[in-house]
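Got a minute to look over a fold before you head back to the bench? Here is a quick briefing to read alongside it.

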Amino acid sequence: RKKEIRFLTLLFENRNNKISTNEFEMYIWEGEIKDNYPLRQLVNGLRRKLKYDFIKTEIGIGYSIHEDYR
């Protein structure tokens with residue numbers, strides 16, 4: 001899905017940084033106003049699909065990549 005690819009692209013392009021929820025929403029939904037639920041739903045769906053859970057939730061901030069996901 002397009003939104004999943006956009007989420008992963010932003011995550012991997014910024015793998016040494018924490019990315020805010022707002023940054024994800026602006027990039028994935030291209031400025032369209034969304035509440036937090038669609039982003040959490042997208043992340044939960046990705047976690048079910050991926051072999052390794054490398055998406056780290058930064059509570060109150062956003063998301064980043066686990067360094068030791070292998």
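How many bridges join strand 2 to strand 3? Four of them do, and the two strands run antiparallel. Keep in mind that this is a predicted model, where local features need pLDDT of at least 70, side-chain atom pairs count only at pLDDT 80 or more, and totals for chains, interfaces and linings use all residues. Residues are numbered from 1 along each chain as its sequence is written, and side-chain values use heavy atoms, with hydrogens and water left out.

**Confidence**
- The protein chain has a mean pLDDT (the predictor's confidence in each residue, from 0 to 100) of 88, and 90% of its residues reach 70 or more.
- Among the elements, strand 1 (residues 19–20) has the highest mean pLDDT, 96, and helix 3 (residues 36–49) the lowest, 90. Helices here are DSSP runs of H or I with at least four residues, strands are E runs of at least two, and both are numbered from the N terminus.

**The sheet**
- Three strands make an open sheet in the order 1-3-2, with antiparallel pairing; strands pair if DSSP finds at least two bridges between them.
- Strand 1 and strand 2 (55–58) sit at the edges with a single partner strand each, so one side of each has no neighbour in the sheet.
- Strand 1 pairs with strand 3 (residues 62–65) over two bridges, and Ile19 stands opposite Tyr63.
- On the strand 2 side, Lys56 has Ser64 in strand 3 as its bridge partner.
- Strand 2 and strand 3 form a hairpin with three residues between them, and Gly60 in the turn has a positive phi of about 80°.

**The helix pair**
- Helix 1 (residues 2–13) and helix 2 (residues 21–28) have axes that come within 10 Å and cross at roughly 130°. Axes are lines fitted to C-alpha atoms, for helices over the stretch in contact, with angles from 0 to 180 degrees between N-to-C directions.
- Lys3, Arg6 and Phe7 are among the helix 1 residues that meet helix 2, where the partners include Glu23 and Tyr27; contact means heavy atoms within 4.5 Å.
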